[in-house]
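Reader: Before we talk about empty space and the ligand, please show me the model, and then let me ask how each label is justified.

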Amino acid sequence: MECIKSLRGSYAFVAINKSDDKLIACRYKSPLILGIGDGEFFVASDVPAILEYTNRVIYLEDGDFVVLTTNGYEILNSGVKVERSVEIVPWGLEAAEKSGYEHFMLKEIHEIPKVIEDTLIEYVSEDILLDVSFAAGISEITFVACGTSYHASLVGKYVLEKMADIPVRVEYASEFNYHNIPFSRTLVVGISQSGETADTLEALRLAKKRGVRTLAITNVLGSTITKIADYILYTRAGPEICVAATKTFIAQLMVLYIISAKLSPISRSELDDFVLKLKMLPEKVQKILDEEDEIRKIAEKFANYENMMYIGRGIGFPVALEGALKMKEISYIHAEGYPAGELKHGPFALLGENTPVVACVVRDNTYEIMLSNVKEVKARNSPVIAVAGEDDDEVEKYVDFVIRTPSVDPVLTPVTYSVALQLLAYYAARKRGCEIDKPRHLAKSVTVE
Ligand code: G6P
């Protein structure tokens, strides 16, 4: 305990004293949990690591110092004994197993229809059950997030602005500190699958310090973000083992759709209509999964390229960003997401027969101009793969391949298109023989700033 006083920064570690069979575990700003088994204890940074042995967990808090012996455990904080409640993790063991799939990533993509259903069961029945008191009196929303959660936030911006007419900013959590954001009547929303991403936690702490209301959207019960934010909404994706986020991204989108619908001034019948469209998403996604072999064939054709560009407009733009992120993180193909209209301001110079372009073509007010952009790309000899709705019989005239997805309301295309792009990345990475579930140099929870 003496040596802890001289530690600086964030840490979570375990120390063993062999001579007296004592194990010490402590944390500060890094995740650490204590699993309570049958006559045995576990210390880990994340629940899936110990699910095989127990689902009874204590989420340790900053400054907690656990002393474990064969007789039991004691938790101290600042030298004083404290009690921490034992939580029951609602995840079964099968959630942490591959269940016959070659990779966790593929299994987790295949769980998406169920994840959508579970999120809807949680927040929607005849009506939207979500309590939106976190938004009472606010005039704008700022999202802070990293990685895939940042892209979910960008989709949230489009949807909230369109449906609820609330101005929304989206900040990389790691940059939030450097911006002078006017805070009056702002709701700061931190989105984090793990609830442990250091940059997102720091951004929320900063917002709180400035007296701003905060909401966390996370997939992990009891994670650090839930201890910081004023309000918490859980996504119901179950544990995600693959480093690259797939089902948790879709679960985040679902929560954002539900918030947007609840805050929207639309009429009762329009709301019913929207809820119905949400409820049809599991079967739409299932159709993509049933036909994944078509995506595999396209992915394998493109697996040998070293550079790719992903483009989109409007709500298709964050879809392009997320598609490119998926591709680069698991296949190591250099993939860039760009707003389609920005290509002419530089990236055109990179186009050519060695740079395929994935175009996310949404049938909304961006459609015509997006087709023009696709033609511009083709004119520069890049092979083009379009992701489009099954009712789009125009786009195939201008591209080399079309990944067809079931038709949905344009505002919901981030769900269907992203599942298709997750599969595209997966099969390209598989063809390249990559370590799909644990890509090099990456971590599932990034607990350093
Ligand atoms: C890491 C993961 C990404 C994830 C990002 C943000 O970089 O590899 O998949 O999107 O962290 O994680 P979070 O848990 O905050 O959503």
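**Cavities, pockets and the ligand**

Author: The second largest cavity has a volume of about 30 Å³, and this, like every value here, comes from a predicted model.

Reader: What makes the second largest cavity a cavity, and which residues line it?

Author: A cavity is a set of points where a 1.4 Å probe fits but cannot get out, and a lining residue has an atom within 4 Å of such a point. By that rule the lining consists of Phe134, Ile141, Phe143, Leu160, Leu187, Val189, Leu215, Leu256 and Ile259. At least two lining residues come from each of β10 (140–145), β12 and α7 (247–263).

Reader: How do you know which class the residues of that lining belong to?

Author: Phe, Ile, Leu and Val count as nonpolar, and the lining of the second largest cavity therefore divides into 9 nonpolar, no polar and no charged residues.

Reader: How many cavities does a search of the whole structure find, and what is the volume of the largest?

Author: The search finds 2 cavities of 30 Å³ or more, and the largest cavity has a volume of about 180 Å³. Its lining has 24 residues, with Asp46, Val47, Ser194, Glu196 and Val220 nearest the centre. By class, that lining has 10 nonpolar, 9 polar and 5 charged residues.

Reader: Why is the space taken by the ligand called a pocket, and which pocket is it?

Author: A pocket is an open set of points with protein on both sides within 12 Å along at least five of seven lines, and a molecule sits in one if more than half of its atoms lie within 2 Å of its grid points. The space taken by the ligand is the largest pocket, so the ligand passes that test of more than half of its atoms. About 510 Å³ of space lies in this pocket, and of the 23 residues that line it, Cys146, Gly147, Thr148, Lys444 and Val446 are the closest to its centre.

Reader: Which elements supply the lining of the largest pocket, and how does it divide by class?

Author: At least two residues each come from α3, β12 (186–192), α5 (198–209) and α11 (316–331), while the classes are 9 nonpolar, 9 polar and 5 charged.

Reader: What makes a residue part of the shell around the ligand?

Author: The condition is a heavy atom within 4 Å of the ligand. There are 13 residues around the ligand, and Ser149, Ser192, Gln193, Ser194 and Thr197 come nearest. Helix α3 (residues 147–164) gives the largest share of the shell, 3 residues, and by class the shell has 5 nonpolar, 7 polar and 1 charged residues.

Reader: How do you know that threonine 197, valine 243 and alanine 443 make polar contacts with the ligand?

Author: A polar contact is a pair of N or O atoms within 3.5 Å. An oxygen atom of the ligand lies 2.5 Å from a polar side-chain atom of threonine 197, 3.1 Å from a polar backbone atom of valine 243 and 2.9 Å from a backbone N or O atom of alanine 443, so each pair meets the cut-off. The protein covers 90% of the 390 Å² of accessible area that the ligand has on its own.

Reader: What is the volume of the second largest pocket, and what lines it?

Author: The second largest pocket has about 400 Å³ and 23 lining residues, with Trp91, Asp118, Arg236, Ala237 and Gly238 nearest its centre. Helix α2 (residues 112–123) provides the largest share of that lining, 3 residues.

Note on methods. Residues are numbered from 1 along each chain as its sequence is written. This is a predicted model: local features need pLDDT of at least 70, side-chain atom pairs count only at pLDDT 80 or more; totals for chains, interfaces and linings use all residues. Side-chain values use heavy atoms; hydrogens and water are left out. A polar contact is a pair of N or O atoms within 3.5 Å; within protein, one must be able to donate a hydrogen and the other to accept it, and residues adjacent in sequence count only if both atoms are side-chain atoms. Accessible areas come from the Shrake-Rupley method with a 1.4 Å probe; for residues, only the protein chains shown count as cover. On a 1 Å grid over the protein atoms alone, a cavity is a set of points where a 1.4 Å probe fits but cannot get out, and a pocket is an open set with protein on both sides within 12 Å along at least five of seven lines; lining residues have an atom within 4 Å of a point. Helices (H or I, at least four residues) and strands (E, at least two) are DSSP runs, numbered from the N terminus. Grid points are joined across faces, edges and corners, and a volume is the space filled by probe spheres set on the points.
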